[in-house]
Amino acid sequence: MRKFPVDVISAACALLFFNSVNAGVAAGATNFCRQTSAASLSSCQAGAQSDRWIAIAKCDNVSDAAERKDCQTQAQSDLKDSLQSCNDQRAARDAVCKQIGGSPYDPVIDPANFSATITNQYLPMPPLTTFVYESNFGEHNEVFVTNNTRNILGADCREVRDTVKVNGDLTEDTLDWFCQDTGGNVWYFGENAKQLADGLIVGLEGSWTGGVDGAKPGIAMKALPAVGDVYRQEYLPGVAEDMGEVLSLTESVTLANFGTLHNCLKTKDSSPLEPDALENKYYCPGKGLVRTHDLVTGEISDLISISP
């Protein structure tokens, strides 16, 4: 499983970008973040109405009058719930805008400043390495750093395969692409996410690729994270809007197979697309991601092995 405004001159200038990430829009300037939030709300509301009309069309083909009426009532109830979800997403996006400011999110990607070699101490990705995680909910997650690269926006990015099994059944199979800039910051350039059931692909939710349909890379891990940093991890409105926030750099995490690890980074991960979802993630020097704690469900996924 599964998950970061800006005007960047180049990836090499990323630190300047990071330090100014909370800067507000100059007085009288357009708040593009809030405009994006409003446009996304309109899109969500239109989608909800469209879904309602499709549901009504299905109801029209129910022969029994009582069942048809129940179907129409359910369609109206679903519309109400969907519109409330749209409003919740809008509120979450507006909250993000207060944190990161109103500038357009438009990082300039200079391929010359990126590499598929990922050496960041908090998120190392040596090729042909497998990170295995298991959760208290019975989920088994394997993250394999392949020897493959994919060229995205002119940059060669490391391809990582992330699979999830529940009770031995494959439920998620994702290819992620990461690049590291010359300053040591790890950027997330996209993912091909497949959800499966009974061996069949049932969804591609969350899939995006930098440069395709307006999608833009985000930050997976900074080279020099600081408490209070807030950043986009990915960006495609309505599809990929994950955010990260650094909460601590001095956490200790005890794992069954690794003992107690110190000086770990703790983040808060969220997304306006799922306003009720919230996770803490822990990254330890030399190990990378070691724990994910879902604060809503209580699920905890811990690193159990690194190989070779």
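Guide: A charge sits over a ring if NZ of Lys or CZ of Arg is within 6 Å of the ring centre and within 35 degrees of the ring normal. The model discussed here is predicted.

Visitor: What makes arginine 150 a residue that lies over the face of tryptophan 177?

Guide: Arginine 150 is placed at 4.6 Å from the ring centre of tryptophan 177. The limit is 6 Å, so this distance meets the requirement. Arginine 232 likewise lies over the face of tyrosine 105, and the distance to the ring centre there is 5.7 Å.

Visitor: Why is the contact of arginine 93 with glutamate 241 called a salt bridge?

Guide: A side-chain nitrogen must lie within 4 Å of a carboxyl oxygen. The closest N and O atoms of arginine 93 and glutamate 241 are 2.9 Å apart, and therefore the pair qualifies. Arginine 93 belongs to helix H3, whereas glutamate 241 sits in the loop between strand S11 and strand S12, 148 residues apart. Both arginine 93 and glutamate 241 are buried. A search of the whole structure finds 8 salt bridges.

Visitor: How do you know that aspartate 106 and lysine 216 meet in a salt bridge?

Guide: The N to O distance of aspartate 106 and lysine 216 is 3.1 Å. This value is within 4 Å, so the pair counts as a salt bridge. Aspartate 106 is found in the loop between H3 and strand S1, and lysine 216 in strand S9, so the contact ties together parts that are 110 residues apart in sequence.

Visitor: Are aspartate 106 and lysine 216 buried, partly exposed or exposed, and why?

Guide: The class between buried, under 20%, and exposed, over 50%, is called partly exposed. Aspartate 106 has 41% relative accessibility, so this residue is partly exposed. Lysine 216, with a relative accessible area of 22%, is partly exposed as well.

Visitor: How do you know which class aspartate 173 and arginine 161 belong to, buried or partly exposed?

Guide: Aspartate 173 has 10% relative accessibility; the cut-off is 20%, and therefore aspartate 173 counts as buried. Arginine 161, at 38%, counts as partly exposed. The two side chains meet in a salt bridge of 2.7 Å, N to O. Aspartate 173 is part of strand S5 and arginine 161 of strand S4, so the bridge ties together parts that are 12 residues apart in sequence. Elsewhere, Arg34, Arg90 and Asp94 are joined into one network by salt bridges that share partners.

Visitor: How many aromatic pairs are found in the whole structure?

Guide: The search finds 5 aromatic pairs.

Visitor: Is the pair of phenylalanine 114 and phenylalanine 189 stacked or edge-to-face, and why?

Guide: The ring centres are 5.5 Å apart, and the planes meet at 75°. The centres lie within 6.5 Å and the angle is over 60 degrees, so the pair is edge-to-face. Phenylalanine 114 lies in strand S1 and phenylalanine 189 in strand S6, 75 residues apart. Both phenylalanine 114 and phenylalanine 189 are buried. Ring pairs link Phe114, Trp187 and Phe189 into a cluster.

Visitor: What makes the pair of phenylalanine 178 and tyrosine 188 stacked?

Guide: The planes of phenylalanine 178 and tyrosine 188 are 20° apart, with 5.0 Å from centre to centre. The angle is under 30 degrees, so the pair counts as stacked. Phenylalanine 178 has a relative accessible area of 11% and is buried. Tyrosine 188, at 7%, is also buried.

Visitor: Why is the link of cysteine 33 to cysteine 97 called a disulfide?

Guide: The S to S distance of cysteine 33 and cysteine 97 is 2.0 Å. The sulfur atoms must lie within 2.5 Å, so the criterion is met. The torsion about this S-S bond is about -85°, so the disulfide is left-handed. Cysteine 33 lies in helix H2 and cysteine 97 in helix H3, 64 residues apart.

Visitor: What makes cysteine 157 and cysteine 179 a disulfide?

Guide: Their sulfur atoms are 2.3 Å apart. This distance is within 2.5 Å, and therefore the pair is a disulfide. With a torsion of about -100°, the link of cysteine 157 and cysteine 179 is left-handed. The whole structure holds 5 disulfides.

Key. Residues numbered from 1 in each chain as written. Predicted model: local features only at pLDDT ≥ 70, side-chain atom pairs only at ≥ 80, totals over all residues. Heavy atoms only, no water. Helix = DSSP H or I, 4+ residues; strand = E, 2+ residues; numbered from the N terminus. Buried < 20%, exposed > 50% of the residue type's maximum accessible area, 1.4 Å probe, protein only. Phe/Tyr/Trp six-rings, centres within 6.5 Å; stacked < 30°, edge-to-face > 60°.
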